[in-house]
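Please open the model in your viewer and keep the selection tool at hand. The tour below proceeds from one selection to the next.

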Amino acid sequence: MFVIVGASLAGAKAAETLREEGFDGRLVLLGAEDERPYERPPLSKDYLRGEAERATAYVHDAGFYADHDIELRTGTAVTGLDAGAAELVLEGGERLGYDRLLLATGAEPRRLRIPGADLAGVHLLRTFADSDALRERLDAGGRLVVVGAGWIGSEVAASARQRGMDVTMVAPEAVPLERVLGLEVGGIYRDLHRDHGVDLRMEAGVAAFEGDGRVERVTLQDGTAIACDAVVVGAGAVPRSGLAEAAGLEVENGVLVDGRLETSGPGIFAAGDVANHLHPAFGRLRVEHWDNALHQGPAAARAMLGAPEPYTRTPYFFSDQYDVGMEYSGFAAGWDRVVLRGDPATREFIAFWLAGGRVVAGMNVNVWDVAETIGALIGHPIDPRRLADPGVPLTELSTVSQGGAS
Ligand SMILES: Cc1cc2nc3c(=O)[nH]c(=O)nc-3n(C[C@H](O)[C@H](O)[C@H](O)COP(=O)(O)OP(=O)(O)OC[C@H]3O[C@@H](n4cnc5c(N)ncnc54)[C@H](O)[C@@H]3O)c2cc1C
């Protein structure tokens with residue numbers, strides 16, 4: 001019997017792949033949420049704004065799981081893992097044995113440990129229920145404070161402005177998305193939000209949320225008070241690795257897995273947001289993105305069936321804010337040069353991050369059908385002048401890089 005803990009994108013795609021690859025044994029997919037597996041990107045974008053139907057977010061049709069003999073048990077939290085006995089303990093005490101186990105337990109929003117963090121009107125965003133609650137707020141209008149200037153904070157700020165709310169964004173960084181994009185490219189997103197009327201309070205820390213029963217103002221560390229009707233905290237996510245840790249598996253910023261996504265416990269695999277994977281090109285990497293869950297789930301399924309191939313996919317993610325869409329390929333832990341192709345003021349450009357003369361990441365903004373070509377440049381030394389020159393086709397650069405020269 002194969003068991004998957006976590007009925008979201010990684011878990012659902014793993015179950016689908018196990019059946020596609022011919023696994024005909026008992027297959028159980030356990031999820032703590034009451035929903036069948038769904039995708040989260042719409043929760044901060046069109047679904048949040050009321051522009052997309054709930055039905056479009058589900059990974060599979062309602063009948064898919066029964067049709068494929070997948071025992072989907074929603075509303076079922078796993079509370080314990082006994083790796084020695086190869087058994088799970090479910091909420092309520094039921095024990096379930098397994099021959100192979102996949103941990104696809106994802107991540108959860110980081111909570112702020114400050115006074116007022118539990119006040120009504122302070123929102124986190126991870127689930128359908130979170131998005132529904134926030135959507136009601138967007139419908140009602142008023143003043144929203146977004147704490148955090150990462151992907152979730154930036155997308156929520158954009159959606160709330162699009163719905164007509166007054167939005168203040170508060171974050172410790174100098175520019176939105178600074179941690180991933182750096183000052184220069186993050187500055188482009190700062191201008192984008194500013195142009196859409198977001199009141200940006202950067203390099204600022206939040207001291208407390210205050211109000212009589214529900215949040216009425218956010219107090220910053222410098223004493224400034226910002227009046228509001230609601231708050232969204234987008235302070236990053238933490239991997240849900242508690243089961244693995246309690247079972248004695250190796251855990252460090254997620255569940256450590258080898259190249260084939262197997263944990264330190266034989267027969268136990270991990271995929272998606274919870275997995276800290278040993279990538280052949282990028283080293284240890286825990287990727288909190290949709291594309292990773294989409295592909296790592298199936299890769300883990302194949303590994304559970306004995307496939308020897310490592311998971312080698314280049315990290316990729318996307319984001320939509322206002323009318324600006326982007327795709328990012330690669331992973332830049334550090335870089336010494338940023339090369340821009342096109343004028344960022346037009347909000348149609350490509351940015352490349354280089355380290356030691358090699359491309360480590362690239363991001364296309366409102367330029368489409370190039371992500372794969374950009375991905376092919378990653379790891380290669382490319383002449384920055386040619387990279388910056390829109391007159392040199394990207395495909396030419398990738399062909400040259402494949403040949404090993406530049
Ligand atoms: C609002 C939002 C917007 C996003 N937008 C983008 C985007 O634009 N682009 C992008 O690339 N990525 C985006 N992401 C990230 C993407 O959604 C995640 O990377 C993806 O959901 C990870 O899937 P997963 O299956 O690994 O884990 P998760 O989606 O976190 O699911 C894990 C599941 O496991 C369940 N679970 C956990 N512990 C247990 C347990 N003990 N027992 C039973 N069940 C358990 C949880 O309840 C949950 O349903 C967004 C995320 C959010 C929250």
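A nonpolar core is a set of buried Ala, Val, Leu, Ile, Met, Phe, Trp, Tyr and Cys residues joined through side-chain atoms within 4.5 Å. Residues count as buried when their relative accessible area is under 20%. The model to which these terms are applied here is a predicted one.

**Stop 1: the nonpolar cores**

Select Ile-4, Leu-88, Leu-101, Leu-102 and Leu-103, the residues that touch the most other members of the largest nonpolar core, a set of 51 residues. Then add helix H7, residues 290-304, which gives the most to this core, with seven residues. A second, separate core has 48 residues, including Tyr-38, Val-156, Val-198 and Ala-230. In soluble globular proteins, nonpolar side chains tend to be buried together.

Return to Leu-88 and display its surroundings. Leaving out residues up to four places away in sequence, Leu-88 touches Val-3, Val-5, Leu-30, Val-78, Gly-80, Leu-81, Glu-94, Arg-95, Leu-96, Tyr-98 and Leu-101.

**Stop 2: Val-5**

One of the residues touched by Leu-88 is Val-5, which belongs to strand S1, residues 2-5. Is Val-5 buried or exposed? Val-5 is buried, because its relative accessibility is 5%, below the 20% limit. Apart from neighbours within four places in sequence, its contacts are Leu-30, Val-78, Leu-88, Leu-101, Leu-102, Leu-103, Ala-104, Thr-105 and Leu-243. Now draw a distance from Val-5 to Ala-32: the C-alpha atoms are 8.8 Å apart, while 27 residues separate the two in sequence.

**Stop 3: two hairpins**

Next, select strand S4 (residues 78-82) and strand S5 (residues 87-90), which run antiparallel and are joined by four bridges. Asp-82 has Glu-87 of S5 as its bridge partner. Four residues lie between the strands of this hairpin, in which Ala-86 takes a positive phi near 55 degrees.

Extend the selection to strand S6, residues 95-97, which pairs with S5 in the antiparallel sense over three bridges. Here Glu-87 stands opposite Gly-97. The hairpin of S5 and S6 also has four residues between its strands, and Gly-92 takes a positive phi near 100 degrees. Strands of a sheet pair through backbone hydrogen bonds, either parallel or antiparallel.

**Stop 4: Gly-106**

Move along the chain to Gly-106, in the loop between strand S7 (100-103) and strand S8 (107-109). With a relative accessible area of 14%, Gly-106 is buried. Which residues does Gly-106 contact, leaving aside neighbours within four places in sequence? They are Pro-239, Arg-240, Asp-273 and Val-274. The C-alpha atoms of Gly-106 and Leu-29 are separated by 14 Å, and the two residues are 77 residues apart along the chain.

**Stop 5: helices H1 and H7**

Select helix H1, residues 9-20, together with H7: their axes come within 7 Å and cross at roughly 35 degrees. The crossing is right-handed. On the H1 side, the residues that meet H7 are Leu-9, Ala-10, Lys-13, Ala-14, Thr-17 and Leu-18. On the H7 side, Trp-290, Ala-293, Leu-294, Gly-297, Pro-298, Ala-301 and Arg-302 take part. The residues of this contact comprise nine nonpolar, two polar and two charged.

Within H1, centre the view on Thr-17. This residue is buried, with a relative accessible area of 5%. Neighbours within four places in sequence aside, Thr-17 is in contact with Pro-298, Ala-301 and Arg-302.

**Stop 6: a sheet of three strands**

Now display the open sheet whose strand order is S18-S20-S21 and whose pairing is mixed. Its edge strands are S18 (255-257) and S21 (283-285), each of which pairs on one side only. The twist averages 25 degrees from one strand to the next. S18 pairs with S20, residues 275-279, in the parallel sense over three bridges. The bridge partner of Val-257 in S20 is His-277.

**Stop 7: the loop between S26 and H8**

Finally, select Asn-366, in the loop between strand S26 (358-365) and helix H8 (371-377). Its phi is near 50 degrees, a positive value in a residue other than glycine. Asn-366 counts as partly exposed, at 21% relative accessibility. Asp-369 lies in the loop between S26 and H8 as well, and its phi is positive, near 65 degrees. Is Asp-369 buried or exposed? Asp-369 is exposed, because its relative accessible area is 78%, over the 50% limit.

Technical notes
Residues numbered from 1 in each chain as written. Predicted model: local features only at pLDDT ≥ 70, side-chain atom pairs only at ≥ 80, totals over all residues. Heavy atoms only, no water. Buried < 20%, exposed > 50% of the residue type's maximum accessible area, 1.4 Å probe, protein only. Contact = heavy atoms within 4.5 Å. Axes fitted to C-alpha atoms, helices over the stretch in contact; angles between N-to-C directions. Left-handed = near helix turned anticlockwise from the far one by under 90°. Nonpolar A, V, L, I, M, F, W, Y, C, P; charged D, E, K, R; others polar. Pairing = 2+ DSSP bridges.
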